[in-house]
Amino acid sequence: MTACGMFEDPAFDVLKGGFKASWTGLREAWSGKCIAKTCANCSKQKFCLVCAASANAETGSTDGVSPYHCAMADAFMAEVEKNFGQK
């Protein structure tokens with residue numbers, strides 16, 4: 001069991017340790033890990049699909065700021081404003 005299909009580690013063997021122990025292990029391993037504070041407080045957050053896995057893939061850190069996701073959120077916001085006249 002992994003937290004996400006994009007992460008190989010940490011991984012827990014549910015067949016050996018059971019679901020509860022694996023779940024607990026994942027929760028402990030991921031405790032305190034989240035997206036960047038910059039992203040968590042960003043005004044574009046509702047338009048952004050960044051997650052810890054994609055940030056890690058792009059920046060090498062689960063709390064890295066993803067330039068790709070920032071650009072996508074900007075483009076999405078521009079389209080919404082162009083087509084609906086609102087942000």
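Visitor: Which residues lie nearest the centre of the largest pocket?
Guide: This is a predicted model, so local features need pLDDT of at least 70 and side-chain atom pairs count only at pLDDT 80 or more, while totals for chains, interfaces and linings use all residues. Residues are numbered from 1 along each chain as its sequence is written, and side-chain values use heavy atoms, with hydrogens and water left out. A pocket here is an open set of points on a 1 Å grid over the protein atoms alone, with protein on both sides within 12 Å along at least five of seven lines, and lining residues have an atom within 4 Å of a point. Of the 13 residues that line the largest pocket, the ones nearest its centre are Cys-39, Cys-42, Gln-45, Cys-48 and Val-50.

Visitor: Which element gives the largest share of that lining?
Guide: Helices are DSSP runs (H or I, at least four residues), numbered from the N terminus. Two of them, helix 3 (37-40) and helix 5 (67-84), give two or more residues to the lining of the largest pocket. The largest share, 3 residues, comes from helix 5.

Visitor: How many residues in the lining of the largest pocket are charged?
Guide: Asp, Glu, Lys and Arg count as charged; Ala, Val, Leu, Ile, Met, Phe, Trp, Tyr, Cys and Pro as nonpolar; and the others, Gly among them, as polar. By those classes, the lining has 8 nonpolar and 4 polar residues, and the number of charged ones is 1.

Visitor: What does helix 5 span from end to end?
Guide: You'd expect 1.5 Å times one less than the number of residues. With 18 residues, helix 5 should come to 26 Å, and the value from its first C-alpha to its last is close to that, at 25 Å.

Visitor: What arc do the buried residues of helix 5 cover?
Guide: Buried means under 20% relative accessible area and exposed over 50% (1.4 Å probe, protein chains only). In helix 5, His-69, Ala-73, Met-77 and Val-80 are buried. Taking directions from the helix axis to the C-beta atoms, they sit on the same side of helix 5 because their arc is only 75°.

Visitor: Which exposed residues does helix 5 carry on the face turned away from its buried side?
Guide: The buried side has helix 4 among its cover. The face turned away from it carries Pro-67 and Lys-82.

Visitor: Which helices do the buried residues of helix 2 pack against?
Guide: Helix 2 buries Ser-22, Gly-25, Leu-26 and Trp-30. Those residues share one side of the helix, since their arc is only 115°, whereas Lys-20, Arg-27 and Glu-28 are exposed on the other side. Counting contact as heavy atoms within 4.5 Å, the buried ones pack against helix 1 (14-17) and helix 4 (52-59).

Visitor: Why does Ser-22 count as buried?
Guide: Ser-22 lies in helix 2. Not counting residues up to four places away in sequence, it touches Met-1, Phe-12, Asp-13 and Val-14. It counts as buried because its relative accessibility is 2%.

Visitor: What is the omega of the peptide bond from Asp-9 to Pro-10?
Guide: Most peptide bonds are trans. Pro-10 is found in the segment before helix 1. The bond leading to it from Asp-9 is cis, with omega near 0°.

Note on methods:
On a 1 Å grid over the protein atoms alone, a cavity is a set of points where a 1.4 Å probe fits but cannot get out, and a pocket is an open set with protein on both sides within 12 Å along at least five of seven lines; lining residues have an atom within 4 Å of a point.
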